[in-house]
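Opening the notebook on this one. I want to go through the packing, the rings and the charges in turn.

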Number of protein chains: 2
Amino acid sequence: MRISIIGAGAIGLLLGTNFSMSGHEVTMICHRREQAERLAANGIHYIGKTRKNVCIQASSRLSAEPMDLLIVAVKSPHVSSIIEQIHEAYRGGFSPDLLFIQNGMGHIEQLSTLSQNILVGVLDHGAIKRDDVTVEHIGAGAIRVSAFTGLPNDLQHLSMKDFPIYYEKDWYQMLARKLIVNCAVNPLTGLYRVQNGSLLTNARFYAIMRELVRESSRVLGLDFEASLNNVQSVCERTALNTSSMLADLNAGRSTEIDAITGFILKRAEVSGSDVPYSRFVFESIKGLESR
Amino acid sequence: MRISIIGAGAIGLLLGTNFSMSGHEVTMICHRREQAERLAANGIHYIGKTRKNVCIQASSRLSAEPMDLLIVAVKSPHVSSIIEQIHEAYRGGFSPDLLFIQNGMGHIEQLSTLSQNILVGVLDHGAIKRDDVTVEHIGAGAIRVSAFTGLPNDLQHLSMKDFPIYYEKDWYQMLARKLIVNCAVNPLTGLYRVQNGSLLTNARFYAIMRELVRESSRVLGLDFEASLNNVQSVCERTALNTSSMLADLNAGRSTEIDAITGFILKRAEVSGSDVPYSRFVFESIKGLESR
């Protein structure tokens, strides 16, 4: 398959490496020309159980060349500008299937402006971008995809034993379940500066996490107990991980709090629902960002 | 006046120094014999605008010797054991007036077991105990006292220009006003690891502080706007201070969260009132303490 990946952060580089290693023709599309040039020259340096160097193509702009799948792996706030570029590149011509992999659900409304077949995906791999061409795969996981519009595109042939892709029937349930995990784990690990496992081992932190799960599952219409079980199992599996939000705060970067807890606050406001615990972490993370 | 001070922490040492310097006969009563011996041998080393060494008497136990005023300057959790010692020492005999200086209102119920004239006090001096015999006076303030039982004992002759003591008519208003300040400032500075002034300059932190003031003033029956104004003015005056709760967390000590936010939670539970922001900070500080 010819696969282009927009966004060469940790997730984009991880996908690029794995799809290239299984024989697909991968092009990374980067925001910065410098990164594209380095990737085109050096490939991706992958640090997993072993170290590998993987050849890929790279470009700093999306062109209308034929491809089978275009994966959008940028952070949620950048999705709207990517959608504009997609409109521009494929105006009236051939157009690949699209797969959007973002945290939260803030980007969902924007997808309806596109006429392509659209898949949405979530993933729970742990990955860290070490530099522009280096990604470290610190926790094995899975990718889950679901059809947002159009026919369910079968990505079974992309799935590998070590890098599985699962198909889910209901995109809303899939994204909402992941969003609840993010709402519970990310802000609290950032605020308390702890690894994910502390939210289970520290009874006080757990009590607050429970309230966040209660609020977000209520707002999103998912079952509370099932959501809490899911959050707990993610915390167990990723106990020693530093969440992306804690990493962002430590590095002085802005976080994904708008796409995560911010989405819950907006939905709660529409329905007139009170979500004080969510508001507490939202304002706190925003405050810590601006320090 | 013959003044005994139970508790040789930052506040106790500060009071001892100032009352001794203005000619009163001061005895410090310490929990640890070692500290009492060092204080008796060396006096208190005071670091203020100038450095001074102040002679005082010191003991590691409360005796029934005649005195005019006994000041209890221990942290709130230790008040109950001090009250037992007072009962023991003054069983049936002469008994001085008592002044209790604690944060929060958790100790108030216990005071009614005492038959003496009782004053309660709050203070907003900044003071840090550097070692067992050294106190640094980092922020000038005032002491406020009010009669809890008995006749209002006039402490005017204890008041000094640089170390004023103000009398207040209503002990409940006085303690509740101070408690609201502590509920707003202490947990948030501890959680965000910032100095007091950040709660005013960071709009996100301010938004959460406002909610804490709203909850605690509602629970305690004080006016919200007046309480918020008071909290703001304290934050302004102490902008560069590290709150005692942040200092306690940094040093790995337990904090006064039970006496502060814990009191609000108990009162809210009795009245069936919902205080999610207060509960958030309570559980968070408890969780950070136990790390």
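Which residues of helix 10 (residues 261-270) of chain A are buried? I looked them up: A:Thr261, A:Gly262, A:Phe263, A:Ile264, A:Leu265 and A:Ala268. Worth writing down before I go on: this is a predicted model.

**Helix 10, continued.** Next I checked what lies over those buried residues. The cover for helix 10 of chain A includes helix 5, helix 7 (203-220) and helix 11 (276-289) of chain A. I also looked just past the end of helix 10 of chain A, where A:Gly272 has a positive phi of about 65°.

**Cores.** I went for the largest nonpolar core and got 130 residues. The residues with the most contacts inside it are A:Ile86, A:Phe100 and A:Tyr192, along with B:Ile86, B:Phe100 and B:Tyr192. There is also a second, separate core of 33 residues, and B:Leu13, B:Leu15, B:Leu99 and B:Val145 are among its members.

I picked B:Phe100 for a closer look. What does B:Phe100 touch, once neighbours within four places in sequence are left aside? My list includes B:Val72, B:Val79, B:Ile83 and B:Ile86, then B:His107, B:Leu111 and B:Leu114. Further along the chain, B:Ile118, B:Leu119, B:Val120 and B:Gly121 are in contact with B:Phe100 too.

**Rings.** My search for aromatic pairs gave 11 over all chains. For A:Phe19 and A:Phe163 I noted ring centres 6.1 Å apart and planes at 85°, so I put this pair down as edge-to-face. A:Phe19 sits in helix 1 (residues 10-21) of chain A, and A:Phe163 in the loop between strand 11 (143-149) and strand 12 (165-167) of chain A, so the pair ties together parts that are 144 residues apart in sequence. Both A:Phe19 and A:Phe163 are buried.

A:Phe148 and A:Trp171 make another edge-to-face pair, at 4.8 Å centre to centre with 70° between the planes. A:Phe148 is in strand 11 of chain A and A:Trp171 in helix 5 (residues 171-192) of chain A, 23 residues apart. Buried or partly exposed? A:Phe148, at 16% relative accessibility, is buried, while A:Trp171, at 22%, is partly exposed. The cut-off for buried is under 20%, so the two fall on opposite sides of it.

Ring pairs also join A:Tyr277, A:Phe280, B:Tyr277 and B:Phe280 into a cluster. I then looked for charges over rings. A:Arg214 lies over the face of A:Phe224, 4.7 Å from the ring centre, and in chain B the charged end of B:Arg214 sits over the ring of B:Phe224, 4.7 Å from its centre.

**The interface.** How many residues does the contact take from each chain? I found 24 from chain A and 24 from chain B. Chain A and chain B bury about 2200 Å² between them, with 60% of it on carbon and sulfur atoms. Four salt bridges turned up across this interface.

I followed up two salt bridges between the chains. B:Glu283 pairs with A:Arg204, the closest N and O atoms being 3.0 Å apart. B:Arg204 pairs with A:Glu283, at 3.1 Å between the closest N and O atoms. That second pair runs from helix 7 (residues 203-220) of chain B to helix 11 of chain A. B:Arg204 is partly exposed, with a relative accessible area of 29%, whereas A:Glu283 is buried at 9%.

**Salt bridges within chain B.** The whole structure has 32 salt bridges over all chains, and I looked at two inside chain B. B:Asp132 and B:Arg32 meet at 2.7 Å, N to O. B:Asp132 is in the loop between strand 9 (126-131) and strand 10 (134-139) of chain B, and B:Arg32 in the loop between strand 2 (25-29) and helix 2 (33-42) of chain B, 100 residues apart. B:Asp132 is buried at 12% relative accessibility, and B:Arg32 is partly exposed at 35%.

B:Lys75 and B:Asp248 have their closest N and O atoms 3.4 Å apart. B:Lys75 lies in the loop between strand 6 (69-72) and helix 3 (79-89) of chain B and B:Asp248 in helix 9 (residues 244-250) of chain B, so this salt bridge ties together parts that are 173 residues apart in sequence. I have B:Lys75 as partly exposed at 38% relative accessibility and B:Asp248 as buried at 4%.

Last entry: A:Arg204, A:Glu211, A:Arg214, B:Arg279 and B:Glu283 belong to one network, joined by salt bridges that share partners.

Key
Residues are numbered from 1 along each chain as its sequence is written. Chains are lettered from A and ligands numbered from 1 in the order in which they are written. This is a predicted model: local features need pLDDT of at least 70, side-chain atom pairs count only at pLDDT 80 or more; totals for chains, interfaces and linings use all residues. Side-chain values use heavy atoms; hydrogens and water are left out. A nonpolar core is a set of buried Ala, Val, Leu, Ile, Met, Phe, Trp, Tyr and Cys residues joined through side-chain atoms within 4.5 Å. Buried means under 20% relative accessible area, exposed over 50%, partly exposed in between (1.4 Å probe, protein chains only). Contact means heavy atoms within 4.5 Å. Rings of Phe, Tyr and Trp (its six-membered ring) pair if their centres lie within 6.5 Å; planes under 30 degrees apart count as stacked, over 60 as edge-to-face and the rest as tilted. Helices (H or I, at least four residues) and strands (E, at least two) are DSSP runs, numbered from the N terminus. A charge sits over a ring if NZ of Lys or CZ of Arg is within 6 Å of the ring centre and within 35 degrees of the ring normal. Buried area is the accessible area (1.4 Å probe) that two parts lose on being put together, summed over both. A salt bridge is a side-chain nitrogen of Lys or Arg within 4 Å of a carboxyl oxygen of Asp or Glu.
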